[in-house]
Amino acid sequence: MQKNKYIYTFSYDNPESDLCKLESRCIFNKEEKNKLLFSNIKAEPSSSAFIKKRLDIILFSEDYDSLITEIKKLSICAEGFKVEYIVFDGDSTKYALRLEKLRDIGYSIEGDSDYYNPTITYALCLYEGIWYFGELIKDNFDWFKHKKKPFSYSNSISVNIAKALVNIAAKGDKEKKLLDACCGVGTILLEASFSGNNIEGSDINEKICKDAKGNLSHFNYSANVYHSDIKDISKKYDAAIIDLPYNLLSAATDSDILNIIGSTAEITDRLVIVSIADIANLISESGLKISDYCSVSKSGKRKFARKIWICEKNGQDSKQKI
Ligand SMILES: C[S@@+](CC[C@H](N)C(=O)[O-])C[C@H]1O[C@@H](n2cnc3c(N)ncnc32)[C@H](O)[C@@H]1O
């Protein structure tokens, strides 16, 4: 019988499938399958661009009537509740029957329902012969507001990638101290702050740092941003994200990249490195071990892909800066 506490549902387009799976491996230690995942690990749907719903399982049963009897025994009293039916792969329950089941549950809960502004949402679903009843927590999409930040930058990553990088770096643990080593205008800092992660940023470019601070204060976030070359940061972090410089706006040679990676490896043991070029050889050269990887192409631009490496120190100090 199913013993997990939570059921998660996911949504993503094909180009982001590998990124979603990498995020899922980091948060849940396993991949979602068919956009569905059972876990005992609790994660907030709004902290991810891909997790859409979390069902906090209250009851489950192979027998539908027994489930309803057990729900009634709970004597739930909830003014303004709503009940939804989630259709999973393999559930062939017809629409009319699904409505009937929602009514069964509605009649088992005390209080008036409110379809449009519910105070609490319950859900029913059937998966592999087991009926699940629980409280449904959904992505609130409040983070969409970041798409209208006052200062933007053509080298910025997408909000979806930024959210995934935070989860990949923190492994879903909000207590972990994170650094965005090349923070640009703060796309990653905004998502981490929204999700309640502990993050700071640094960037070598003064104007860009000012813009990152402006973006953060616009949304009332308080993450520190240091105007600094990463080589001058000495504070230690549990993990760092490096969205490496590229193109004319922030060009970087192999030696610059080695220096950025080497300097960051001095202040953390876990690095999440992002680059549009294949720099696996430079990562190895800097003495880091690649523990996981994915590539995300831009929709409609298959040739432009961002590569993401999760790197750990090899147990020995990474190579000296050159
Ligand atoms: C690709 S951009 C980062 C974009 C950022 N993720 C965003 O979404 O806005 C790379 C950034 O690295 C910064 N940078 C380059 N060399 C650096 C160094 N040595 N230390 C800190 N930042 C550096 C550049 O100023 C640039 O803003």
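The paragraphs below go through this predicted model from its overall dimensions to single residues.

The protein has 322 residues, of which 39% count as buried. Its secondary structure consists of eight helices and 13 strands. Taken along the principal axes, the box filled by the C-alpha atoms is roughly 70 × 40 × 35 Å. Among contacts with a separation of 6 or more, 72% come from residues 24 or more positions apart.

The domain assignment divides the chain into domain 1, residues 6–138, and domain 2, residues 145–313. Over C-alpha atoms, the centres of the two domains are separated by 34 Å. Domain 1 puts 16 residues into the contact, and domain 2 puts in 17. On the side of domain 1 that touches domain 2, eight residues are nonpolar, two are polar and six are charged.

The largest nonpolar core has 82 residues, and those touching the most other members are L165, L178, I242, V272 and I273. Helix α4, residues 159–170, gives the most to this core, with eight residues. The core lies between domain 1 and domain 2, because both of them give residues to it. I273 shows what such a set of contacts contains: leaving out residues up to four places away in sequence, I273 touches I242, L244, I261, I283, W309 and C311.

One of those partners, I261, is among the buried residues of helix α7. This helix covers residues 254–265, twelve in number. From the first C-alpha of α7 to the last is 16 Å, close to the 16 Å expected at 1.5 Å a residue. The buried residues in α7 are I257, L258, I260, I261, G262, S263, T264 and A265. D256 also lies in helix α7. What is the exposure of D256, given its C-beta neighbours? There are 13 other C-beta atoms within 10 Å of D256, so this residue is partly exposed, as a residue counts as exposed at 12 or fewer and as buried at 20 or more. The C-alpha atom of D256 is 9.2 Å from that of P245, and the two residues are eleven apart along the chain.

The next site is the ligand. Around the ligand there are 22 residues, and S156, C182, G184, T187 and D243 come nearest. By class, this shell is made up of twelve nonpolar, seven polar and three charged residues. Helix α5 (187–194) and strand β8 (198–203) each supply at least two residues of the shell. T187, one of the residues that come nearest, falls at the start of the range given for α5.

The last stop is a loop in the N-terminal part of the chain. N29 lies in the loop between α1 (17–28) and β2 (36–39), and K35 lies in the loop between α1 and β2 as well. N29 has a positive phi of about 65° although it is not a glycine. For K35, also a residue other than glycine, phi is positive and near 65°. How do the surroundings of these two loop residues compare with the cut-offs for exposure? N29 has 11 C-beta neighbours inside 10 Å and therefore counts as exposed. K35 has 17 other C-beta atoms within 10 Å, so K35 is partly exposed.

Terms used:
Residues are numbered from 1 along each chain as its sequence is written. This is a predicted model: local features need pLDDT of at least 70, side-chain atom pairs count only at pLDDT 80 or more; totals for chains, interfaces and linings use all residues. Domain bounds come from an automatic or database domain assignment. Two residues are in contact if their C-beta atoms, placed from the backbone, lie within 7 Å. Ala, Val, Leu, Ile, Met, Phe, Trp, Tyr, Cys and Pro count as nonpolar, Asp, Glu, Lys and Arg as charged, and the others, Gly among them, as polar. Helices (H or I, at least four residues) and strands (E, at least two) are DSSP runs, numbered from the N terminus. The expected span of a helix is 1.5 Å times one less than its number of residues. A residue is near a molecule or strand if its C-beta atom, placed from the backbone, lies within 6 Å of it. A nonpolar core is a set of buried Ala, Val, Leu, Ile, Met, Phe, Trp, Tyr and Cys residues joined through C-beta atoms within 7 Å.
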